[in-house]
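Trainee: Could you take me through this structure feature by feature, giving the general idea before the particular case?

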Amino acid sequence: MAKLFVDTDKYGYQSDFPIVEAYNAAVKDLVRERFAQSGQDWKDFVFGTEYETITKADMEAIEARLLAYGYRFEPSAMSSPRERPEAYKDSGLYAEDFSFEHPEAPTAPADADGRELRGCGDNVVTHRENLVGTARYVRTTDKVLECLTQGVADDTIAIVDDSGGTLTAPVLEKFHGVLCAGGTTRSHLAILTREYNIPCFMNVRLAGIKDGDRIEVEVSARGKTAEDYEQGRDASARVWRLSRTDAG
Amino acid sequence: MSDIKLTYAQLLETNNLIQQNADETYWLCATRTVQESKIFPVSAYILFSYLNCFYRYPSLLKKIEEAMPAEEIGDRARQSGIKIVAWTIPCFYLLGREMLINWGVIKPTDAVHDVMYVMDFWKRFQLSWHRNNGNITNRQADHRGQIYAEQKLQVFHADAFECREGDELHTAAQAFMATIAQYGFLVSCESRLTIHNHGPYKIADNREMLVREFRELAEYDYPWLDGVGRDIPYNNLTVTMIIEDCHINLLDDWGSFESEPELRAEHIKAVGLYSADNLSEGHVPVGMGSREELTETFNDLTERIKVATTRLWEEMAGWTRDQQLDAGALVYFGVGKEFAHIAGVYDEEDWMRIDERAERFRPLLNDEYGNLFLGELVGYISCPSQRMHEYTMMMHTGQPRRALSYFPYSMLNDGDYTESVGGMRPGVTNLPAKNDRYRTSQGVLTQEEYNRRSREFVPRSCQEPFRFLCADWVKYHYDTPLADELFGFEQANSRLLKGKGAGLSRADVEALRNKD
């Protein structure tokens, strides 16, 4: 087996993540093998023979070996598990009666006004009054399509787990408010809700809020700033459940 | 084209340019948060784009420079704006190199001439783009992007219409900016490459101007805007936004900004709207004849963009993962294609394809590996190639790491290096074929016709003797007919400044606004 330039590294260790290490090590093994087989100097191999002898089929074989061990990838795009359910874990996006159950979500019994504390999040922009509306989970393109074709009720507070600006693109401006389980107040979704002047919490931690519940969101709280993030300051604002609706 | 030789001095400079980008890579990626999308495999396509950049940029930038030098492209960009290229061109390219080093596919001593050339091209473009402030990046200016010349800024200042929260113009402008930002993220497959801000520019003691450029909105290079973008009458739109009692305290090399206090609708006190491309004489007013016309224009464009957003979303939601991967990678890789348009050498085969040398790695790019490898490369800076000796303290984190590998100087002793990845190779795409329609300020053109006009057209301010009449020349010659002529190019379409010449101060401009 040939030795690669990067095989001697005084300061380099393994990658932090096992799958990264596994993949990168597999590609290096492949290069060692093909370089040795070529019998060439590195100068003739790299950008020359290497293009012909390290192929897409080799990369497919690397993946196949990992999958053969029973490994399944964590999905992020919906298309990935949809097209290759044998290679990806279930995304869980289509689970019935879904609700976020974040262990770190703060909870408390109903206060004097009947509000049960059910979570918190990072407020994007301070508004004059808290927001009250109906919680609706919007986690898939199918759900967005449903919003497009059937409309969005006026008081809908969308609960999403995608901090990007593409999933909800055609319906975002119709929402009364947004609770996002990811990202920060600098994420694309946060930028867009700020532009649309839609109240929004990012990085929410929720427990026990189901589709159709009436909720109150403390958007009158201070917005979480870049400085808060950089200095690790907790500036969480609260989410309360007002009543439970079985309508779903 | 610069004639680069491998010398000690050259390597010192190249390594410095690499390090400047390395420091900013970490800061930008750590402070701007992660990108994610349920539609797009974002991290995977970003990695894919890095590889495409590594294999194709050297050839494509050389092809561009055979028609026009990088510093002249910078002059043109300063006239009509350009997409974010400051960080993207070198870092996408260098991160592709870093991936391949960590795979053992290349050594840090490979493709030396390519890397020196790409960095040198970037340096010359950036110095020209930043000519009016003397820096190479926004970072070097403590995160400020003052790009445009006084003559353009005076027109933006003079012609902006006052507005107040709740009035018709303010409401229309706000709705437009939200809608176009939303559309921009979709067009660019979740990235912010459609949206580019620069400034701030000082308007008064308590007022600043932010220039917000939205680029590539209509039928142009992206196959996915064929049809979808047909009813959008401008490919690029620029909103000038004057804000009060709000200071833009950071504008980075990704074109995003932060302010103190946080920018809110109530801070926006005046707006304007323009369009510009490489075939226009700078920024041409759009709907700027009156406040009412501008309000109607914003509302009309908002409606058109909403329709396009829904159509595009429906199309993208039905794409295969390979199509998503291609589109996202080509958006990132394609940040350099505006250079090719300016030089008149754009070829769809060059810029809208995944090179076969990058394509072979596609099977590696599943969602999980994509997220984690990208995270190591630009967030944790934890790849083996990025780790340094224990005495090292990296900027921002103090960790013994660096984001991008240098060239070892030992190459000068042993000659153990290679020069280049070689010329162009065929590319592939899973996207639909592109229609031969390109929306420009001179109408919808074919690729061939667009290139022909780009090669022939030179904005007057870039012609002799005006090209080198900079702010320092104006400072000492503002009272000459030549200075009036120079300012006249920008003032030609101005509502308030037409024919006013070069002698106005900012207060004079404000006085003219108050009379309007």
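Trainee: What covers the buried residues of α17(B)?

Mentor: This is a predicted model, and in general nonpolar side chains in soluble globular proteins tend to be buried together. In this case the cover over the buried residues of α17(B) includes α6 (150-159) and α16 (471-477) of chain B. The helix itself spans residues 481-491 of chain B, and its buried residues are A483(B), L486(B), F487(B), G488(B), E490(B) and Q491(B).

Trainee: Which residues have the most contacts inside the largest nonpolar core?

Mentor: They are C180(A) and L47(B), within a core of 215 residues. The largest share of this core comes from α2(B), which supplies 15 residues. Because domain 1 (5-71) and domain 2 (116-243) of chain A both give residues to this core, it lies between them. The centres of those two domains of chain A, taken over C-alpha atoms, are separated by 44 Å. As for L47(B), if residues up to four places away in sequence are not counted, it touches M99(B), L365(B), G370(B), F373(B) and L374(B).

Trainee: Is F40(B) buried or exposed?

Mentor: A residue is read as buried once 20 or more other C-beta atoms lie within 10 Å of its own. F40(B) counts as buried because it has 31 C-beta neighbours inside 10 Å, although it is found in a loop, the one between α1 (8-31) and α2 (42-67) of chain B. Leaving aside neighbours within four places in sequence, F40(B) is in contact with A77(A) and T166(A) of chain A, and with Y45(B), C189(B), E190(B), Q324(B) and G328(B) of chain B. Its C-alpha atom is also 9.6 Å from that of Q323(B), a residue 283 positions away along the chain.

Trainee: How many residues of each chain are in contact with the other chain?

Mentor: On the side of chain B there are 61 residues, in contact with 64 residues of chain A. Among the elements of chain B that give two or more residues to this side are α4 (88-102), α7 (168-187) and α8 (291-317), while α13(B) gives the most, with eight residues. By class, the side of chain B that touches chain A has 26 nonpolar, 17 polar and 18 charged residues.

Trainee: Which side chains along strand β6 of chain A are buried, and which are not?

Mentor: In a regular strand the side chains alternate between the two faces of the sheet. Here, along residues 214-217 of chain A, I215(A) and V217(A) point to one face and are buried, whereas R214(A) and E216(A) point to the other and are not. Strand β2 (residues 131-137) of chain A pairs with β6(A) in the antiparallel sense over four bridges, and L131(A) stands opposite V217(A). Strand β7 (residues 236-243) of chain A is also antiparallel to β6(A) and joined to it by four bridges, with I215(A) standing opposite R241(A).

Trainee: What do β5(B) and β6(B) form?

Mentor: They form a hairpin with five residues between them, and G255(B) in the turn has a positive phi of about 80°. The two strands run antiparallel and are joined by four bridges, and L251(B) has F257(B) as its bridge partner.

Trainee: Where in chain A is confidence lowest, and where is it highest?

Mentor: Where pLDDT is low, the predicted coordinates should not be read in detail. In chain A the mean is lowest in helix α7 (residues 226-230), at 77, and highest in strand β4 (residues 177-180), at 98. Over chain A the mean pLDDT is 93, and 98% of its residues reach 70 or more.

Definitions and conventions. Residues numbered from 1 in each chain as written. Chains lettered and ligands numbered in written order. Domains from an automatic or database assignment. Buried ≥ 20, exposed ≤ 12 C-beta atoms within 10 Å, placed from the backbone. Contact = placed C-beta atoms within 7 Å. Core = buried A, V, L, I, M, F, W, Y, C linked by C-beta atoms within 7 Å. Pairing = 2+ DSSP bridges. Nonpolar A, V, L, I, M, F, W, Y, C, P; charged D, E, K, R; others polar. pLDDT = per-residue confidence, 0-100.
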